[in-house]
Each structure stands twice: as structure tokens, then as C-alpha cells.
Amino acid sequence: MKFPIIAAGILMATSAVADTPVLTVYAPDYFGSEWGPGPSIEAAFEETCACDLQYVTGDVLPRVLLEGERTKADIVIGLNTDVTKKARESGLFATHTLDLSPMTLPIEWSDDTFLPFNWGYNAFVYDNTKLENPPTSFDELLAMPDDVKIVIQDPRASYSGLTLLLWVKSVYGDDAAEAWAKLAPKVLTVTKGWSEAYGMFTDGEADMVLSYTTSPAYHIIAEEDLSKSAAIFDEGHYLTIELAAKVATTENGDLADAFMAFILTPEFQTMIPTSNWSYPAALPEDQWPSVFVELNYPEKAIFLSEDEAAAVRDEALAEWQNAFSQ
Amino acid sequence: MLRLDGLKVTQGTFELVADVAFERGRCTALIGPSGAGKSTALAAIAGFVPLTRGRIIWCDEDLSDLAPGERGMSMLFQDGNVFPHLTVFQNVALGLSPQLRLDADMKRRVHAALERVGLAGMGGRKPSALSGGQIARVALARSLAQACPIMVLDEPFAALGPALKIEMLSLVQEVAVDTNATVLMVSHDPDDAKRIADNCALVADGVVSAPVPKSEFFDNPPPALRAYLGT
Amino acid sequence: MAKRVFSVKPTSILGGAVASLILFLVLGTLGAVIWRADDIAGLSTYDWAAVRFTVFQAFLSALLSVTLAIPVARALARRRFWGRGALITLLGAPFILPVIVAVLGLISVFGRSGIVNEFLSVFGIDPVSIFGLRGVLIAHVFFNLPLATRLLLQGWLSVPSERFRLAASLNFDARAMFMRVEMPMLRDVIPGAFMLIFLICTTSFAVALTLGGGPKATTIELAIYQAFRLDFNLGKAALLAIIQFGISAAAAGLAYWVSAPSGIGAGLDRNVKRFDRSARWIDATVIAAASLFLILPLTMILLRGLPMILSLPTAVWLSALRSVWVALMSTGLAVFAGLSLALWIVRAQRIGAGIIEGIGYLTIAASPLVMGTGLYLILFPFVNPFDVALLVTAVVNAAMALPFLLRGLVPALRDAELHFGRLADSLGMQGWARVRYLLIPRARRALGFGAGLAAALSMGDLGVIALFSDGSAQTLPLQLYALMSAYRMEQAAAAALVLVALSLLLFWIFDRGGRTDA
């Protein structure tokens with residue numbers, strides 16, 4: 001069944017040898033894998049650009065920082081908002097001149113370097129057939145009995161873990177340490193990445209897992225499983241935004257600009273929900289798949305700018321570590 | 001003539017000196033008390049122990065700096081004469097070609113040697129399937145196939161029964177005659193020497209004495225030997 | 001031992017080349033990272049806590065693994081039963097499991113809703129939590145008990161059967177047998193086994209974190225990861241890597257000092273026949289308990305993976321093929337490098353041998369992250385890293401497997417030289433003839449076991465490839481993570497099963513090849 005795709009890939013690769021310009025896009029592993037949004041985006045863009053789009057997947061920012069100005073990347077996609085400050089300071093990224101009015105993020109976005117291509121809300125996901133009274137606020141979560149077990153990700157190793165830190169800090173401010181002290185007994189364990197944590201949740205080892213409000217959409221659409229829900233909190237949810245940027249040293253400036261513009265097109269954006277399992281960054285809600293529209297949706301978005309986040313990060317990390325060292 | 005010319009070997013605090021010659025084509029037994037240096041002398045001759053001083057000379061050729069395998073000697077040790085992981089055939093064949101690259105003639109010689117020691121048809125076996133006597137025969141077959149000018153025996157049959165040992169010694173004698181070899185052997189048992197040696201040399205207190213014909217040696221034993229023999 | 005009057009030159013050339021390559025891979029890459037770093041920052045109290053925890057958990061893990069391995073190895077050494085060979089092969093399995101697979105397998109046995117707690121709840125006993133130091137230890141014992149058992153078992157098998165016969169003729173009871181025959185052997189084998197497991201556990205990261213239940217279980221490797229990912233602070237990463245080396249060097253030095261030279265005699269390769277009559281039921285219990293502990297999580301992995309195995313996409317099977325290819329390449333390299341280095345070690349004098357052997361063990365203390373990053377920094381200016389991704393992976397995996405090969409090879413070669421060296425000398429067996437007809441046959445067991453480990457370790461590796469891969473040449477472990485990231489947990493479980501099955505198969509083929517006694 002997959003053979004045609006592979007065969008097509010080989011054919012395209014060989015036919016593209018000659019003078020076709022190559023656009024090199026650094027992307028996270030998940031993005032470029034067969035099950036991520038990468039392949040269909042590649043196919044769609046190549047139809048318009050007369051070019052060969054090639055992904056190089058891995059840990060994008062560390063790789064670009066290691067390579068410095070000699071990097072072969074034209075575009076970097078899949079950066080998180082926690083690294084934009086470091087990325088910006090490196091001077092390796094160029095600004096764009098795109099019109100940001102089509103953006104449909106729940107917050108204002110005016111960054112002229114980093115362009116959102118999808119977003120989501122962090123949320124605790126649970127099994128609605130087992131947990132009868134899910135918390136409707138962070139306070140309620142903290143007040144739950146300690147035998148409700150939650151798996152989170154380590155903020156030092158995982159981006160989603162870091163957003164939880166910022167989320168708690170935004171909601172509780174100076175009382176964040178206290179909040180962590182209440183949450184810690186319920187935390188079954190802390191994992192290196194999202195995959196381990198989510199695996200433990202689907203295995204039934206944990207009652208709740210730190211994930212995204214859009215996670216249930218996968219189970220509904222791909223597995224017709226309605227039992228997974230995201231708990232929606234009154235205090236609001238922290239935003240996760242994934243970004244793309246043009247590399248300053250690119251020799252394919254026009255192609256890179258074209259790709260950046262392509263990101264904001266409906267063609268690109270409609271591919272996001274069911275391949276990235278997140279919300280598209282520039283697509284009105286009425287064009288979302290119905291399942292996404294029907295998902296529980298937070299009332300309030302929480303987001304710290306990169307400077308605000310940088311200002312509280314070390315303190316928040318220390319509070320977190322202290323809470324778990326008791 | 002195998003000459004030990006002003007030889008001195010040092011092992012820790014132990015010192016062995018030898019300034020003797022062994023007759024070509026003859027079998028000489030080194031006899032003496034435990035710890036007197038018999039095995040050390042053989043090890044030095046075979047090239048396993050570096051010389052502190054002196055030279056080892058075989059027919060005007062200086063062997064002192066040659067590796068053990070280049071000295072034209074076949075060795076029979078107290079134990080460990082065969083490689084357990086190789087077949088009987090391979091064990092013998094190693095004597096002809098350390099790389100086990102055998103031409104037809106070599107193969108024939110290996111088979112002939114095996115047949116000569118009574119192991120015909122057993123070439124494919126591993127030593128673990130053989131008896132102690134048969135293992136000794138494998139080693140002898142190798143010496144036979146090697147046909148080295150010098151055979152060095154370090155009590156190889158000490159663990160065998162009297163009858164078997166006699167059988168092996170006479171086999172050694174036959175092999176030596178067949179290959180016209182000069183034999184040096186170490187033994188605890190004067191009877192071994194009486195059985196196959198032509199000459200005997202006393203090894204005592206770190207000194208190798210000159211070999212003398214065995215009749216003279218046993219009829220008129222030197223004092224150190226007398227103490228050893230208990231006569 | 002008599003000084004060799006002659007030397008075989010090619011061994012020092014090959015050995016020297018291998019040792020240089022290892023030094024480059026370990027210290028050269030570290031140097032590259034330091035060179036690229038802006039400054040070497042100091043360590044925080046959290047970092048020091050990580051250092052302390054790393055040493056503490058690694059010490060306990062090694063102690064437990066080795067202690068528990070003694071009765072298991074003894075039972076396996078003195079009993080013959082149906083399925084013993086299969087069991088010994090299966091013992092290799094946990095060690096080679098990819099971390100994430102093993103963790104989920106362990107949790108499905110010891111977790112809150114795992115078999116053990118389900119069983120306990122039948123008797124009204126409160127569930128026991130695996131998370132915490134207990135979990136770290138359970139996981140590390142799960143990974144390393146089999147390795148310790150195999151190392152000790154080799155020790156047992158190296159005791160000549162003549163000695164057991166002698167002991168039997170002296171009417172030794174189990175205690176006397178242990179004190180007079182087995183203890184001296186263990187004294188030789190245990191320091192090395194302990195050190196090896198200690199070193200393995202010092203570089204533990206995801207296992208310690210996930211089963212340790214939180215940031216209290218932070219190891220140095222996690223701190224390195226944090227320095228890279230969160231702070232992009234190469235100086236700090238390098239500093240932590242240096243501390244990790246320091247700990248390992250201290251442990252290795254200690255083990256070297258404690259272990260006595262082996263006095264194990266030569267035997268005639270007869271199957272070891274034991275005459276102990278005592279305590280058959282103890283052995284049976286020990287073997288059953290160990291098997292249960294090791295096989296239950298494996299069974300859970302099997303059960304989780306089976307349902308989807310036939311619906312795995314082609315890409316997963318292609319990755320599997322690629323992983324097997326890398327594993328075979330890396331095994332070939334590891335065997336070649338291991339033999340070259342071991343031959344050189346055996347020929348060297350005591351101090352020199354110690355130093356070369358130390359170099360051979362360096363990779364075990366190296367942080368895969370630092371090594372990968374350093375290599376990337378070094379290679380990037382000259383070649384496209386993605387073009388050489390699989391080759392680099394094979395080389396690095398081979399280097400990583402080297403310590404496990406040396407562990408068995410060096411004593412085996414020493415033994416061969418000690419007992420058959422003179423015979424080989426007298427026959428003029430030099431160079432390749434000696435290697436081929438004396439040394440390799442005598443080291444077959446160790447070689448087979450080491451090659452099996454190398455193959456399996458390479459199959460499950462996720463270290464260097466993650467940095468070098470451009471996504472077009474995904475190995476099976478990378479594919480497994482990609483499946484999980486795409487919410488496809490069930491397919492991921494099936495991919496994990498494929499990974500485990502292939503690793504085991506490779507391990508079995510090599511190990512089996514080493515153990516056939518004609």
C-alpha cells in the first residue's frame with residue numbers, strides 16, 4: 001500500500017536531479033516522518049515551486065546553532081516559542097515581509113521573524129469513562145485527591161514540560177511554589193518527552209497526562225474512540241505555538257520567501273489539523289474539521305512573550321525542582 | 001653437537017649455569033632433584049626463557065636469538081601438548097605448517113605419522129574424545145611428522161601408567177631413530193633414563209654437568225645423584 | 001610469565017589505530033565541544049545533586065545486580081535442564097531493549113495497574129509504587145542482572161572441570177565448594193562485572209528519570225541534555241561530561257586495583273559435569289524467580305505488540321532492514337576492533353596493558369550526546385553529515401560495544417596464551433596462524449557473546465543517529481519514536497516488538513555461534 005508513495009518519492013528524487021533548485025527545510029523528527037504533516041506539505045509546495053523540497057529532520061535549533069553561518073538550511077520549521085529568544089539572538093534568522101492579517105491565533109501576533117504555522121492549548125487529558133468529575137479549574141486540579149495520578153514531562157528536557165511551568169507561573173504568580181507543592185504528590189512521574197508520558201497514559205498507568213486540548217481529536221478521528229477528553233480550566237490555558245523562519249544565510253531567498261508565504265495559504269493550513277493534530281494558525285474556525293470545532297475549547301489563552309518567559313524561567317524551574325525535592 | 005656455551009639463565013633469585021655439549025643423534029637424559037633447574041634448562045634451550053649470558057649452538061649455528069619455532073626443535077611438554085579446539089589431524093599438521101596450509105605430500109605425512117603411532121582413522125576427533133595415552137600419541141605423531149633434528153621432552157608421560165609409559169618411551173625411541181633426532185629429556189624416574197637414554201647429565205644446585213654414558217652414570221653416581229636416588 | 005622474546009608487529013599497528021580512533025571519538029569530540037563553547041560555566045547545586053544521585057544509584061544498581069547474579073549464575077552453571085540454552089539467550093534480551101520499550105514493559109508489570117499490583121490486590125494488599133529509587137533499581141537490575149549473570153556464568157564455565165572433580169573427590173559440601181573453588185573465581189570476575197554495570201548505570205538518563213518519579217532522580221546525563229537543549233550551554237555540557245569521566249575513571253581504577261590476576265587453570269574443554277547434589281530446590285527457585293522477573297516484562301511487550309504487527313506500514317519494515325544492516329556493519333567493526341585491541345593488550349606489559357584496556361573502556365563512560373555533538377562539529381565542515389549518517393552510526397555503535405567485547409576477550413586470550421602459548425611458540429605459530437588457530441578458537445565464546453551484544457546494542461541505539469539522520473534514513477528506534485509522536489501507540493508497540501525480536505535474533509545467532517562446542 002505504501003509502495004506507490006515510496007516509488008513516487010524515488011521517481012521524484014531522480015527526476016529532480018538536474019537544475020531544480022533545492023529548498024532545505026530543517027524540521028523536527030515528527031514533522032518529517034511518514035505520519036507527520038511533512039510529506040503532504042512537501043508534495044503540495046513542489047507542485048507550485050518547480051523546486052525540490054528536502055527535509056532534514058532532528059533537533060532543529062541545536063543543529064542550526066551548532067552549524068552557525070555555514071548551515072545548509074533555508075527554512076527552519078517547528079521552533080517553539082521558548083527558543084525564539086535564543087534563536088533571535090543568534091542572528092541566524094532573517095525577517096519576513098508577510099501580511100499577518102490572516103493569522104487566526106487567539107492572541108495578537110506581530111513578530112516579523114518567526115511565523116506561526118500551528119498552535120494548540122496545553123491541557124491535561126483524561127479518560128472520561130474512568131474520571132467522573134474532571135477538574136474545571138487549576139484550583140480544582142490541585143484540590144483533587146492525591147491518588148489521582150498525573151504524568152508530566154520534564155521542563156528541562158521537553159518543551160511541553162516547560163510550558164506547564166510557565167502556565168503554573170502565569171496562573172499562580174508568587175504562589176506558584178505552593179501550587180507545585182500541592183501538585184507534586186499527584187505527579188506519578190516526570191518523563192523525558194511527551195511520547196513516554198502519553199504512552200503511560202494510554203496504557204492506563206496514569207489517570208491524566210499533560211498534553212494538548214486537541215489530543216482527543218486523534219482518538220476520535222483515527223480510532224473512533226470517544227473516551228479521551230481534555231480538562232478545560234477556568235483560569236485559561238497556555239498556548240503552544242510552532243513557528244517557522246527563514247535562515248539569514250540562505251542562497252535560495254526567493255524560494256524561502258515563497259515557502260514562508262505558502263505557510264499562510266489555506267492549502268497548507270487545511271493540512272495541519274489531521275496531520276499535526278493541532279489548530280491551524282491561519283484558518284478561520286468555520287473551515288476546521290468538524291471534530292476540531294466540537295472539541296472543548298478554552299475561554300482564555302495564556303501566553304508569555306519571549307522576554308517575559310525568559311524573565312521567569314529560572315525562578316519557575318527552581319520552584320518546580322524544590323517542590324519535587326521535598 | 002648441541003652446545004650450551006657459557007650459558008646463564010636468571011629467574012628471580014634462581015640461577016642456572018651450563019657449559020656443556022650434547023652428542024648429536026644421541027638421547028641425553030637430564031636427571032636431578034626437584035627444583036634443581038632441569039625444566040629451566042630445557043626452557044632455555046627451547047627458547048622460552050631469555051638468556052642472561054652465553055649462547056646455544058647447534059652445528060655451528062647460533063640459536064640463541066631465534067624464536068622457539070625457528071630452532072628446529074619439537075617439544076613435548078608436561079601437559080598442554082595439544083590444542084583442545086583443534087582436531088587430531090590439525091594438531092599434528094600444525095607441526096608441518098603453522099598456517100595449516102598443507103599440500104598433498106604434507107597431508108600424506110600427517111596420516112602416516114598418525115598411523116605410525118596407532119591413531120589411524122582418528123584424525124577427525126577432538127582431544128576431549130581421546131584418552132590420556134592417545135593424547136600423548138598425538139603429540140608424538142606431531143614430533144614424528146615434524147622430523148626436527150632435536151626433540152625436547154619435559155616429562156611428557158609423567159601422568160601415564162607404567163605400562164603405557166614404557167610403550168610411549170619406546171615409541172619416542174622409534175621416532176628418534178626414524179628421524180635421526182637428537183633427544184633431550186627430563187625425567188624424575190631413573191628407569192626412564194635407563195630405558196632409552198644413551199647419556200645422562202646431572203642437574204643439581206643450578207648447574208648442568210657434562211653428560212656421561214648412562215652405564216657410567218648409574219654405576220658410579222656422583223654424590224648429588226646418590227642423595228637423589230637414595231642409594 | 002616469561003617475557004615474549006619476540007613480538008608480532010601488526011597487532012600493535014592495528015591496536016594502535018583502534019585505540020587512536022577511540023581516543024578521537026571520546027576525547028576528540030569532547031575537545032571539539034569545549035572548543036566551540038563560549039565559556040565553561042560553573043555548576044549549580046542542582047547539578048551537584050545530579051552528580052551525587054548518579055553515583056549513588058549506579059553503585060546500588062551495580063551492587064544489587066551483581067549480588068543477585070551470583071545465585072542465578074551458580075544455579076545455571078550447575079544444573080542442566082530443558083530450555084536452559086533458550087533461557088540463557090533470553091537473558092540477553094533486557095540489556096538490549098530500547099529504553100522506552102523496557103520502561104513501558106516494566107510499568108505494565110510493576111506499575112499501578114500492572115500484574116504485580118493486580119495480584120497483590122487479590123489479597124487485599126495495597127498497591128506498591130514502582131516510582132522512586134525503587135523503580136530506578138528495579139529497572140537497572142532488570143537491564144543488568146542478565147549481563148552480570150552472563151559474566152559470572154563465564155567465570156564459572158572457565159573453572160576447569162578437573163577442579164570440580166577434585167572437589168567432589170574431596171567430598172566438599174556446597175559451602176566448602178563455594179569457599180574453595182567458587183569464591184576465588186568470583187573474586188576475579190566480580191570487580192570487573194561490578195565496574196561494568198556501575199559505568200553503564202552512570203550514563204542512565206530516561207530510565208532513571210521516568211522510573212525515579214521526578215527531578216530527584218536527575219542524573220548527569222540529564223543535566224547534560226538540559227545544558228544542550230534548554231540552555232544551549234556547550235561549556236556546561238562539556239564540564240558535566242568531564243565529571244562523568246572522572247567518576248568512571250575512579251571506578252575503573254578501583255576495580256583494576258581490587259581485581260587479582262586470574263589463576264584459573266586450563267581444562268580440556270570437556271562439558272563441565274558437576275557433582276554437587278545439594279540444594280536442587282534452591283537452584284530451581286532461583287532460576288524460576290529470575291526468569292519470571294526478566295520474562296514477564298518481555299511477555300508484556302510481546303502481548304502489547306502482537307495485535308498490530310501485521311498492519312505495520314512498509315516504512316517500518318524498511319527501517320528494520322536498515323537497522324539490521326547498520327547492526328551487522330557495526331558488529332563487524334566491533335569484532336575487528338575488539339580483537340585488534342585485545343591482541344595488543346595481551347602482548348603488552350602490565351602497565352601498558354592496563355592503559356590500553358582503559359582506553360578500550362572509555363566509550364562506556366562517554367556521554368552519547370557529547371560524542372554525537374562533537375562528531376557533528378568535527379565532520380560538518382568537511383562532509384555532509386547526513387551522507388555519512390549510517391556509517392558514523394555503525395562506527396560509534398561499534399565503539400560503544402567495544403567494552404563488552406574486551407570484557408570477555410582479554411581474559412580468554414590471556415588464558416589461551418598462558419596455557420597454549422609455549423606450544424604455539426614451539427610450533428612457530430606466529431601472526432595470523434596464531435590468531436586463527438589458537439587465539440580466536442579459544443576466545444570463541446567471548447567473541448560470540450560480545451558480537452551478539454554489539455549487534456543488539458546497535459539495533460536499539462538512538463544516540464548518534466538522532467543527530468546525524470536527516471530523516472530519510474530512519475532506523476527502527478527512530479521510527480518507533482516517530483510513531484509515538486503521531487499518537488500511534490499501538491503501532492509503536494508493534495514496532496517495538498519487531499525491534500526486540502530482531503535484536504534477540506541477532507544476539508542469538510552470534511552468541512549461539514560462539515557456544516557451539518563441536
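**Figure 1. Confidence along chain C of this predicted model, from helix α20 to helix α2.** Confidence in chain C bottoms out in helix α20 (residues 463-468), with a mean of 67, and peaks in helix α2 (residues 45-78), at 91. Taken as a whole, chain C has a mean pLDDT of 82, and 89% of its residues get to 70 or more. As for the model's overall scores, ipTM comes out at 0.82 and pTM at 0.81.

**Figure 2. Two stretches of chain C to take with a pinch of salt: residues 1-8 and residues 260-271.** Over residues 1-8, pLDDT stays under 50, and the model gives this stretch 13 contacts beyond four places in sequence. Residues 260-271 also sit under 50, here with 36 such contacts. Where pLDDT is low, the predicted coordinates shouldn't be read in detail.

**Figure 3. Where chain C meets chain B.** Here 22 residues of chain C touch 28 residues of chain B. Together the two chains bury about 2,300 Å², with 68% of that on carbon and sulfur atoms. On the chain C side, C:Leu423, C:Leu427 and C:Tyr437 give up the most area to chain B, together 28% of what that side buries.

**Figure 4. A closer look at the chain C side of the interface with chain B.** Helices α17 (389-426) and α18 (431-442) of chain C are the elements that put two or more residues into this side. The largest share, six residues, comes from α17(C). By type, the chain C residues split into 14 nonpolar, three polar and five charged. Between the chains there are four residue pairs in polar contact, both partners at pLDDT 80 or more, and zero salt bridges.

Definitions and conventions:
Residues are numbered from 1 along each chain as its sequence is written. Chains are lettered from A and ligands numbered from 1 in the order in which they are written. This is a predicted model: local features need pLDDT of at least 70, side-chain atom pairs count only at pLDDT 80 or more; totals for chains, interfaces and linings use all residues. Side-chain values use heavy atoms; hydrogens and water are left out. Contact means heavy atoms within 4.5 Å. Buried area is the accessible area (1.4 Å probe) that two parts lose on being put together, summed over both. A salt bridge is a side-chain nitrogen of Lys or Arg within 4 Å of a carboxyl oxygen of Asp or Glu. A polar contact is a pair of N or O atoms within 3.5 Å; within protein, one must be able to donate a hydrogen and the other to accept it, and residues adjacent in sequence count only if both atoms are side-chain atoms. Helices (H or I, at least four residues) and strands (E, at least two) are DSSP runs, numbered from the N terminus. Ala, Val, Leu, Ile, Met, Phe, Trp, Tyr, Cys and Pro count as nonpolar, Asp, Glu, Lys and Arg as charged, and the others, Gly among them, as polar. pLDDT is the predictor's confidence in each residue, from 0 to 100.
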